[in-house]
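Have your viewer ready and your selection tool at hand. Let's walk through this model together, one stop at a time.

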Amino acid sequence: MIIVAIVSEKTLPPRLTIQLIKQLQLQPEFHPAGAYDGKKNLFMPHLIDFGGANSRDYNIAMNGNSQPRGRPPRVFKIKITKVAEVNPEMLQRFVEGRQAMDESVQTALTALNIVIRMLPMQTHAFNARSFFTDTEIKNVGHGFQLRRGYFQSLRPAIGHLLLNIDLTTGMFFRSGPLIEVALEVVNHRDPGALSLARGLPDRVFRELERFLKGVRVSVQPAARGSTANVVTISSLTREGARGHVFNLQDGTSTDVASYFRRLSGQALGFPDIICAKTARGAVLPFERCTILPGQLARKQIPPDVTREMVGFSTKRPAERLASIRNGFQVLAYGQSEYVRNFGLAINENTFPMSIKARQLSPPQLLYGTGSKVESATPRDGAWNMIDKKLYKTETVNRWAMVVFENPNRFRKDTESSVVQSFIRNCKSVGIHIAERDPIVEYGSGQGGFPQVSETLRRAGAKCVRKNNSEKGPDMLLVILPDGGNDIYRSVKHFGDVAQGVVTQCLKASKCTRAKDQYWANVCLKLNAKLGGINVVPDADASKFLSDPENLTIVMGADVMHPAPGSDAPSYSALVGSVDSRCVKYIPRTAVQTSRQEIIADLESMSKGIIRDFMGYQQFIEMKAKQSCKPKRLLFFRDGVSEGHFREVMAQEVDILKKVCRDLEIAPKITFIVVGKRHHYRFFPPKPEARGQADRSGNCPAGTVVDTGITHPLEFDFYIQSHGGLLGTSRSAHYSVLHDDNKFTSNALQHLCYILCYIYARATRSVSIPAPVYYADIVCSRAKNHYNPSGGVDVSDVGTVASENFQSYIDAFKPLHNLHTTKMYFMV
């Protein structure tokens with residue numbers, strides 16, 4: 001296999017270069033045809049005869065529907081140069097476990113992936129390794145539509161390559177008349193509303209311009225009888241077609257509306273609304289433009305669309321498997337020409353692949369304290385805590401309720417009912433509420449953070465005076481109206497950053513007349529935030545974690561990057577256990593350079609957590625000082641793509657080792673990457689058979705796969721640790737990149753599985769270990785560390801200029817000291 005590099009005279013969009021390379025390969029020396037990656041590389045199954053040279057220039061004529069009448073077709077100069085030969089033997093050695101991953105192996109794997117997706121790239125809308133058909137489309141508002149697609153990738157496994165196919169969902173620009181889509185974006189029905197002169201807000205205009213930038217449209221030209229042109233929108237005009245004047249070739253001037261009326265013989269229907277503009281300066285009335293179908297929208301997903309996407313993507317296991325089988329036929333065998341050209345063969349008889357799986361037993365879970373300890377036995381990854389007390393509870397001596405709902409809807413009787421329900425349900429799980437008649441303060445969130453914080457401070461001051469205490473409230477129970485996201489953020493900034501007080505937010509529409517199950521979930525969150533412990537695994541399960549001879553600290557880490565197209569900061573988070581049972585976690589969080597994979601502040605964050613761990617062991621668990629040093633450090637890392645495994649592991653393990661040396665401890669470190677975004681799906685072979693599936697039709701919680709599909713050289717495995725609810729469950733992929741502890745597969749799998757049962761917010765096992773989940777939550781709450789009225793935009797919309805990036809660093813406020821040893825992040 002040969003790699004040839006492609007150099008054109010200018011940077012061209014992938015859709016155009018794909019057409020050009022297809023045209024190029026009509027030349028006889030390119031038969032049989034090669035596979036193009038859409039960028040700079042063309043993979044050929046044979047050497048190309050360049051007439052004794054190493055390269056050749058080609059002039060490729062390309063007729064397009066944007067070509068003006070009477071002009072010759074555009075000619076593109078493309079230079080083809082041989083740069084390397086790919087040796088597939090290296091890839092064969094790799095899957096047989098006889099060679100490590102290196103550049104030659106990665107190149108061969110990349111080449112084969114390009115080969116198998118070459119035809120879909122030419123015939124379908126595509127995004128990286130996914131292709132989207134037009135058989136299932138759903139309009140979801142905001143100018144977007146969803147399309148069903150198929151993910152496809154060749155994956156190395158022990159002894160062979162696997163073709164991984166899965167369903168995927170793509171967000172596209174809604175096709176159709178531009179004026180209709182624009183009205184949907186601005187949430188209006190009257191086309192006249194698309195006029196700044198008639199009151200279109202500047203903020204809405206800029207949002208619409210950001211939405212339409214880069215969108216391709218078909219334009220019906222002014223001249224009658226002309227064929228439609230395809231252009232790309234670069235910006236929008238602030239004036240309408242009647243107000244935009246330009247010069248004609250004869251030196252006279254006219255406006256866009258008059259120009260179209262003169263050449264087409266028909267006046268524009270909406271001459272005063274804004275127009276589209278191309279990079280070359282052409283101004284196009286909205287009503288003459290149609291958005292072309294099949295354009296992926298690489299934009300931040302609005303919350304409403306996210307909900308629609310989840311529903312659209314959800315398929316029960318049997319339905320999903322049937323769709324994947326269909327995708328296998330459409331994609332894998334639709335590429336037979338390219339597959340044959342490169343001497344490849346796909347074995348239909350092994351699809352879908354049958355693999356061996358094992359079942360892990362769930363841990364027994366303990367509630368209550370002392371002689372009143374009770375156990376719960378999970379079934380299908382779930383259990384109940386009816387009539388059970390939480391394992392370790394806290395007391396609320398002083399508290400206040402702050403209501404941001406309209407007093408006309410949240411009346412005195414409602415107020416009293418919520419207070420009494422809250423107190424009664426806290427008591428039922430063991431949380432003691434000493435104050436039975438709290439201060440109730442009403443406020444409005446209309447004034448933003450200053451008004452919200454003033455209301456909260458006023459409630460706290462009244463609580464202090466009422467209790468004749470020098471201390472403020474232990475907790476603020478905050479009632480929010482529907483749609484009160486801005487108020488919520490202000491409340492959390494006040495509680496987490498400014499004041500250091502526990503805040504528990506409830507929606508007014510849910511907490512009024514709520515059932516006990518709702519309050520039980522509230523109590524789970526509140527107890528953890530107050531410093532309590534909800535549940536612990538029993539001694540038999542805990543032996544994997546709480547070996548007294550090997551005191552263990554567990555850490556979870558994540559880095560959250562901004563939305564596509566934004567250069568806003570990334571946020572990093574680290575949580576670490578402090579107790580011997582590894583169920584109580586404390587957090588650290590920071591802001592760092594956009595899209596940086598390595599955790600920038602890992603040294604200071606991990607050092608602080610380890611110090612607090614040893615302090616908790618000495619002063620809370622009352623151990624001798626010399627017995628408080630951890631012997632094992634288990635580090636679970638989220639948010640790492642496979643291409644960055646080695647880089648992240650090497651740098652972050654070195655940092656952890658340095659921290660341990662500085663603290664004069666020497667724990668053995670195990671570094672595990674937890675992946676959630678893979679495309680392997682597991683289906684029970686006989687869903688109706690007893691024990692093979694849960695009630696949702698998914699593989700039962702505790703399913704482990706560590707053969708057949710795992711890495712040829714690395715220590716990895718998959719665990720489906722949660723019970724299915726809706727759709728097809730996705731397992732977690734564990735890649736053990738560094739292991740000084742020399743865990744056996746069985747021990748490490750049990751350890752990871754147990755950590756999925758200690759998530760404090762639920763009475764269900766979760767899909768990934770609790771510390772990883774916690775780190776993910778802490779990352780998502782990082783934006784609350786900015787003052788909501790401080791002038792720093794954290795919306796992820798647009799980009800951040802490099803000279804302004806320091807302002808994001810400076811404006812990021814640290815977590816209040818009172819929260820650094822609590823699980824404040826439990827929502």
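Start by selecting Tyr 774 in this predicted model. Leaving aside residues up to four places away in sequence, Tyr 774 touches Val 575, Tyr 585, Ile 758, Tyr 759, Ala 760, Met 823, Phe 825 and Met 826. Now show the rings: Tyr 774 forms one aromatic cluster with Tyr 585, Tyr 759, Tyr 773, Tyr 824 and Phe 825.

Next, widen the view to the largest nonpolar core, which has 85 residues. Tyr 774 is among those with the most contacts inside it, as are Trp 399, Phe 422 and Phe 636. Apart from that core lies another, of 50 residues, including Ile 2, Val 4, Met 44 and Leu 167.

Move on to helix 5, residues 178-186, where Leu 178, Ile 179, Val 181, Ala 182, Leu 183 and Val 186 are buried. What do the buried residues of helix 5 pack against? Select strand 10 (176-177), helix 6 (202-212), strand 16 (274-277) and strand 18 (289-291) to see their partners. Just after helix 5 comes Asn 187, with a positive phi near 60°.

Now for aromatic pairs, of which the whole structure has 27. Pick Phe 132 and Phe 172: they meet edge-to-face, 5.2 Å centre to centre with 80° between the planes. Phe 132 belongs to strand 7 and Phe 172 to strand 9, so the pair ties together parts 40 residues apart in sequence. Both Phe 132 and Phe 172 are buried.

Keep Phe 172 selected and add Arg 147, which lies over the face of Phe 172 at 5.0 Å from the ring centre. For a last stop, find Arg 148: its charged end sits over the ring of Phe 312, 4.2 Å from the centre.

Terms used: Residues are numbered from 1 along each chain as its sequence is written. This is a predicted model: local features need pLDDT of at least 70, side-chain atom pairs count only at pLDDT 80 or more; totals for chains, interfaces and linings use all residues. Side-chain values use heavy atoms; hydrogens and water are left out. A nonpolar core is a set of buried Ala, Val, Leu, Ile, Met, Phe, Trp, Tyr and Cys residues joined through side-chain atoms within 4.5 Å. Buried means under 20% relative accessible area, exposed over 50%, partly exposed in between (1.4 Å probe, protein chains only). Contact means heavy atoms within 4.5 Å. Helices (H or I, at least four residues) and strands (E, at least two) are DSSP runs, numbered from the N terminus. Rings of Phe, Tyr and Trp (its six-membered ring) pair if their centres lie within 6.5 Å; planes under 30 degrees apart count as stacked, over 60 as edge-to-face and the rest as tilted. A charge sits over a ring if NZ of Lys or CZ of Arg is within 6 Å of the ring centre and within 35 degrees of the ring normal.
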